[in-house]
Amino acid sequence: MAVVFRARDTFTNGNEVAIKMLKDEVACDRVTLKRFKNEFKVENNIRHKNIVDTYGMFKSQDKKKIYIVMEYVKGITLKKYLKTLGGPLPFEYVMSYTYQTLKALKVAHDQGVIHRDIKPQNIMVMRNNQIKVIQKKYRPHEHILNISKIFIKAAAKFKSTFRNQ
């Protein structure tokens with residue numbers, strides 16, 4: 001549905017950003033365009049250090065394309081990272097990545113939003129072992145159970161249990 005480009009923000013601070021733009025073949029479809037805009041509205045209200053940040057939605061100069069400017073994450077997907085290891089991920093990393101992911105999802109859940117597509121391809125691992133959940137397929141949901149709080153508490157308990165050994 002969309003492609004993502006790496007760019008430099010020349011208007012403000014010169015930082016690298018990611019630009020998400022609808023593919024040409026779907027850019028004129030009203031349903032897809034509405035979904036893209038709604039996705040941005042939902043994503044733009046979710047802020048957390050483990051979630052990729054969105055900066056804004058803009059139109060191209062010719063007004064024919066809409067794009068979202070978001071944080072550029074220097075890292076690789078968890079899927080690629082796991083392939084490079086050639087073996088299992090060390091337990092402490094499993095716990096850390098799980099805990100960070102659950103904290104990010106809890107923030108979304110607390111705002112009545114579900115991600116709908118959590119998988120290793122949608123989790124970025126940075127050099128400092130911080131993870132960022134890529135904001136894809138977030139959807140408002142009226143009946144979210146507070147299950148994320150349970151997972152956060154369980155992950156914290158596991159983390160502290162294994163830290164003390």
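**Salt bridges and strand pairs**

Trainee: Lys 65 counts as partly exposed at 26% relative accessibility (20% to 50%; buried is under 20%, exposed over 50%; 1.4 Å probe, protein chains only). Which residue meets Lys 65 in a salt bridge?

Mentor: Bear in mind that this is a predicted model, where local features need pLDDT of at least 70 and side-chain atom pairs pLDDT 80 or more, while totals for chains, interfaces and linings use all residues. Residues are numbered from 1 along each chain as its sequence is written, and side-chain values use heavy atoms, without hydrogens and water. A salt bridge here puts a Lys or Arg side-chain nitrogen within 4 Å of an Asp or Glu carboxyl oxygen. At 2.4 Å, N to O, the partner of Lys 65 is Asp 24.

Trainee: How many residues apart in sequence are the parts this pair ties together?

Mentor: Helices (H or I, at least four residues) and strands (E, at least two) are DSSP runs, numbered from the N terminus. Asp 24 lies in helix α1 and Lys 65 in the loop between β3 and β4, so the parts are apart in sequence by 41 residues.

Trainee: Is Lys 20, which forms a salt bridge with Glu 39, buried or exposed?

Mentor: Its closest N and O atoms with Glu 39 are 2.9 Å apart. Glu 39 has 5% relative accessibility and counts as buried. Lys 20 is at 8%, so Lys 20 too counts as buried.

Trainee: Which residue is the bridge partner of Ala 18 in β4?

Mentor: Strands pair if DSSP finds at least two bridges between them. β2 and β4 run antiparallel, joined by 5 bridges. Opposite Ala 18 comes Met 70.
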